Amino acid sequence: MEQYLQEALNPPQLPDADHAWIEYYNAEIREAKKSGSGERDIAQLKKMRDLHIQLAAEEEAYLKRVQEEKEAYEKMTDAERVAHWEKRLEKLQADLLTAKTPSQIENIEFQIELEQSLLEIAKDAPARREQDRKTREIIARMYRTLDEIDKRFEDFVEGRFTKDLDTPDEVLPENPTELLPSDSTPKRIDKVHRQFRSWQEDVNKSYIDVILSQYMTPKELDTYFPTEADRQDLKMRTVEMQKSVVSKIREVVSGLPNASVEQKRAFARELVTQNFEKDFAESVLKALETETD
């Protein structure tokens with residue numbers, strides 16, 4: 001019987017849930033009564049069961065309180081949340097003054113550090129939401145522009161050249177195929193564009209800060225690139241991206257067989273203007289013209 005009681009009071013590992021332990025001890029109590037165990041042994045089992053009943057009730061009350069606090073916090077204004085953490089920190093500072101043991105002091109200091117960070121988050125929340133809104137706005141504006149570029153791409157692939165190039169006296173021929181080598185069929189041009197777009201997607205990911213900056217207002221630029229060092233770094237990365245694009249454009253046009261210099265120049269111009277923001281495209285075209293000259 002002593003061995004049975006020891007096994008019952010030191011049961012095998014069960015799931016970390018008090019209700020599982022309660023069911024375990026209820027089963028042990030029924031088995032003890034069935035086997036004729038003494039009242040003292042049964043009382044010990046009941047004591048263990050009641051302990052887990054108490055723990056389960058305390059856990060349920062704790063979880064309910066946490067949920068209520070969470071719901072109340074979510075309903076608070078920004079100012080109320082700041083006041084909430086400031087009040088909690090004041091209490092913790094008072095508790096720290098009365099703490100007696102090193103363990104108590106360490107626990108309170110850890111809690112102060114944690115809630116200080118939560119206070120800073122609450123203070124920064126309005127600015128962070130505004131920044132997130134602006135970022136979403138910038139990205140939405142960028143994708144609207146990319147959608148327009150995709151439409152222009154389709155026009156280009158199908159031979160419908162645009163006539164809004166920057167040089168005012170440049171007139172495109174009625175038959176756009178005159179700009180291309182005789183063996184550059186629409187399918188070949190489409191393949192070139194698809195390969196270029198695949199390469200461009202990788203470049204855009206590598207230089208996402210440069211891409212986003214092209215669609216920012218002056219105020220947004222000051223917000224996201226506030227220091228001189230930030231702006232210099234952006235300028236350097238813009239130049240790096242420009243060089244990469246220039247190199248890729250030269251590689252693409254050099255791969256057009258039987259194309260004249262003018263045909264390559266026209267193809268490069270259309271490729272650049274169709275795929276990049278206006279100012280960036282102009283810088284790339286200028287670099288290409290300089291290298292050609």
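Helices (H or I, at least four residues) and strands (E, at least two) are DSSP runs, numbered from the N terminus. With that in hand, let us tour this predicted model in a handful of close-up views.

**View 1. The whole chain is built with 11 helices and zero strands.** Starting from the N terminus, the elements read α-α-α-α-α-α-α-α-α-α-α. The chain has 293 residues, and 33% of them are buried. Take the contacts whose partners have a separation of 6 or more: 63% of these join residues 24 or more positions apart. The accessible surface of the chain is about 19500 Å², and carbon and sulfur atoms supply 53% of that surface.

**View 2. Helix α4 covers residues 78–98.** How far does α4 reach from its first C-alpha to its last? With its 21 residues, the helix reaches 31 Å, close to the 30 Å expected at 1.5 Å a residue. Look along it for Val82, Trp85, Leu89 and Leu92, which are buried. Down the axis of α4, these buried residues fall within an arc of 90°, so they line one face of the helix. Now turn to the face pointing away from the buried side: here you will find the exposed residues Ala79, Lys87, Glu90, Lys91, Leu97 and Thr98.

**View 3. Within helix α4, lysine 91 and aspartate 95 meet in a salt bridge.** The N to O distance between their side chains is 3.1 Å. Four residues separate the partners along the chain, which is about one turn of the helix. Is lysine 91 buried or exposed? Lysine 91 has a relative accessible area of 54%, and the cut-off for exposed is over 50%, so this residue counts as exposed. Aspartate 95, at 27%, is partly exposed, because its value falls between the 20% limit for buried and the 50% limit for exposed. This pair belongs to a wider set, since the count for the model comes to 10 salt bridges.

**View 4. A salt bridge joins aspartate 209 to arginine 237.** Here the side chains come to 2.7 Å, N to O. Which parts of the chain does the pair link? The link is between distant parts: aspartate 209 sits in helix α7 (residues 208–213), while arginine 237 sits in helix α9 (residues 228–254), 28 residues apart. Aspartate 209 is partly exposed, with a relative accessible area of 21%.

**View 5. Valine 210 is a buried residue of helix α7.** Its relative accessibility is 1%. Who touches valine 210, once residues up to four places away in sequence are set aside? The partners are Leu234, Arg237, Thr238 and Met241. You have already met Arg237 as the salt-bridge partner of aspartate 209. Methionine 241 is 31 residues from valine 210 along the chain, and their C-alpha atoms are separated by 8.1 Å.

**View 6. Asparagine 204 belongs to helix α6 (residues 186–206).** Why does asparagine 204 count as buried? Its relative accessibility is 19%, and buried means under 20%, so asparagine 204 falls on the buried side of the cut-off. Apart from neighbours within four places in sequence, asparagine 204 is in contact with Ile211 and Met241. Met241 may look familiar, as valine 210 touches that residue too.

**View 7. Glutamate 262 and arginine 265 form a salt bridge inside helix α10 (residues 261–275).** Their side chains meet at 2.6 Å, N to O. The two residues are three apart, about one turn of the helix. Glutamate 262 counts as exposed at 53% relative accessibility, whereas arginine 265 is partly exposed at 26%. Which residues make up the network of salt bridges here? Glu262, Arg265 and Glu289 are linked in it.

**View 8. Leucine 45 lies in helix α3 (residues 39–75).** How much relative accessible area does leucine 45 have? The value is 0%, and leucine 45 is buried. Isoleucine 29 is 16 residues from leucine 45 in sequence, and the two are 6.3 Å apart in space, C-alpha to C-alpha.

Technical notes:
Residues are numbered from 1 along each chain as its sequence is written. This is a predicted model: local features need pLDDT of at least 70, side-chain atom pairs count only at pLDDT 80 or more; totals for chains, interfaces and linings use all residues. Side-chain values use heavy atoms; hydrogens and water are left out. Buried means under 20% relative accessible area, exposed over 50%, partly exposed in between (1.4 Å probe, protein chains only). Contact means heavy atoms within 4.5 Å. Accessible areas come from the Shrake-Rupley method with a 1.4 Å probe; for residues, only the protein chains shown count as cover. The expected span of a helix is 1.5 Å times one less than its number of residues. The arc is that of the directions from the helix axis to the C-beta atoms. A salt bridge is a side-chain nitrogen of Lys or Arg within 4 Å of a carboxyl oxygen of Asp or Glu.
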